[in-house]
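Reader: I should like to learn how to read the features of a structure that is new to me. May we look at it together and take one feature at a time?

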Amino acid sequence: MIDLRQLQALRAVHAEGSVTGAARRLGWSQPTVDYHLKNLDRLVGAAVIQRSARGSSLTPVGVLLLDRGEEILTLTDRALRDARDLTQMGRVRLRFGTFPTAAAKLLPSIVAQVGELGIELDAVLAEVQPLIADLNLGELDATLVYSVPGYELPFRSHVVTTEVHRDPLMLALPEGHPLAVAAPIDVPSLLSLHGERWLFGATGHDPMDSVVIDAFAAAGHTLEVAIRSDDFQVMLGMIAARMVIGLVPKLASGPTHPGVVLRPIDDPAFARSLLLAAPVDGPRRQPSTAVRQLAAAIRDSLTALE
């Protein structure tokens, strides 16, 4: 098994151009650097550095090892740094914004997981646009929002987003509709529904609505928006009553909906990305350790639902 010190010695030789320089960089003796490099030679069955009067450089095998080794060393450094940060931070309170559908399914599990790490959440429930505005103004420490492919959310430059889940969008049709069958629907069949009455989000700027509107517009169709609502239970009830059709994210759907048939859409564009957004500062451009722990808890909670 590779010893991390072997990779550190290899990286230092590459950076300094000599074993002597590598020893100085690492604060080791030169024999110690030589010892780890020779052990690495034996482990891979070939020399990892080549020496000359002008110094030392990596062999092709050494270059390959360093390429892979940089990832290992970076992850190791990050794990150690995060563990130290978590040990030092004590109890932390985060102002966490999320949209209601995610809160209903995920919040209890998320709160329980981060609570064990000393992180307390003050939850704020709102739709995507208000959450973005609050984070941009510094009124939230992190927020869970969603977007769709090709749709940029208006975050300020000091905010970074991390995708924590890809949530497929399902076409919701009333039972008895000609296309209400238990099978995926392709895009041409979806576009044939341009004459239907549709239900969209209440704000008029929902990314999920945009992916539908844009797809139909590209085919030369304008949709009739009959009703607007952000309550998926209301939406499903209206679809069951044969008043409208619409799209429902898988996360918002349950095992059964009387009177409604949900069809997966056979196109990866019809999915929403769940994004954890948080401000960053400093050269690392990373959220705080507490926010990264929050992201891990969100992923674990979503996995438990699958």
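Author: Let us begin with one residue: Glu120 is partly exposed, with 28% relative accessible area. Please keep in mind that this is a predicted model.

Reader: Which residue forms a salt bridge with Glu120?

Author: First, the general idea. Side chains of opposite charge can pair when their charged atoms come close. In this structure, Glu120 pairs with Arg93, and the closest N and O atoms are 2.5 Å apart. Arg93 is partly exposed, at 49% relative accessible area.

Reader: Where do Arg93 and Glu120 lie?

Author: Arg93 belongs to strand β3 (residues 92-98) and Glu120 to strand β4 (residues 119-125), so this salt bridge ties together parts that are 27 residues apart in sequence. The pair also belongs to a network of salt bridges that links Arg93, Glu120 and Asp122.

Reader: How many salt bridges does the count come to?

Author: The count comes to eleven salt bridges. One of them joins Glu70 and Arg11, with a distance of 3.4 Å from N to O. This pair links distant parts of the chain: Glu70 is in helix α4 (residues 60-89) and Arg11 in helix α1 (residues 4-16), 59 residues apart. Glu70 is partly exposed at 30% relative accessible area, and Arg11 is partly exposed at 26%.

Reader: What are the closest N and O atoms of Arg5 and Asp3 to be read as?

Author: They are read as a salt bridge, for the closest N and O atoms of Arg5 and Asp3 are 2.7 Å apart. Arg5 counts as partly exposed at 42% relative accessibility, and Asp3 is partly exposed with a relative accessible area of 23%.

Reader: Is His165 buried or exposed?

Author: The idea is to compare the relative accessible area with a cut-off: buried means under 20%. His165 has a relative accessible area of 16%, and therefore it is buried. His165 lies in strand β6 (residues 159-174). Leaving aside residues up to four places away in sequence, His165 touches Arg272, Ser273, Leu274, Leu302 and Glu306.

Reader: Which residues form a nonpolar patch on the surface?

Author: Ile2, Leu43, Val44 and Val61 form such a patch, and together they have about 270 Å² of accessible area. Val61 has its place in helix α4 and is partly exposed, with 34% relative accessible area.

Reader: At what angle do helix α2 and helix α3 pack?

Author: An angle from 65 to 115 degrees counts as roughly perpendicular. Helix α2 (residues 19-26) and helix α3 (residues 30-44) pack at about 105°, and their axes are 8 Å apart. Helix α2 is therefore roughly perpendicular to α3.

Reader: Which residues in α2 and α3 meet?

Author: On the α2 side they are Val19, Thr20, Ala22 and Ala23, and these meet Gln30, Val33, Asp34 and Leu37 in α3.

Reader: How many Å apart in space are Leu80 and Ala112?

Author: Separation in sequence and separation in space are two readings, and both can be given for one pair. Leu80 and Ala112 are 32 residues apart in sequence, and from C-alpha to C-alpha they are 24 Å apart in space. Leu80 lies in helix α4 and, at 42% relative accessibility, counts as partly exposed.

Technical notes: Residues numbered from 1 in each chain as written. Predicted model: local features only at pLDDT ≥ 70, side-chain atom pairs only at ≥ 80, totals over all residues. Heavy atoms only, no water. Helix = DSSP H or I, 4+ residues; strand = E, 2+ residues; numbered from the N terminus. Buried < 20%, exposed > 50% of the residue type's maximum accessible area, 1.4 Å probe, protein only. Contact = heavy atoms within 4.5 Å. Salt bridge = Lys/Arg side-chain N within 4 Å of Asp/Glu carboxyl O. Patch = residues over 30% accessible without salt bridge, like charges linked within 9 Å, V, L, I, M, F, W, Y side chains within 5 Å. Areas by Shrake-Rupley, 256 points an atom, 1.4 Å probe, with all protein chains shown as cover. Axes fitted to C-alpha atoms, helices over the stretch in contact; angles between N-to-C directions. Parallel < 35°, antiparallel > 145°, perpendicular 65-115°, else oblique.
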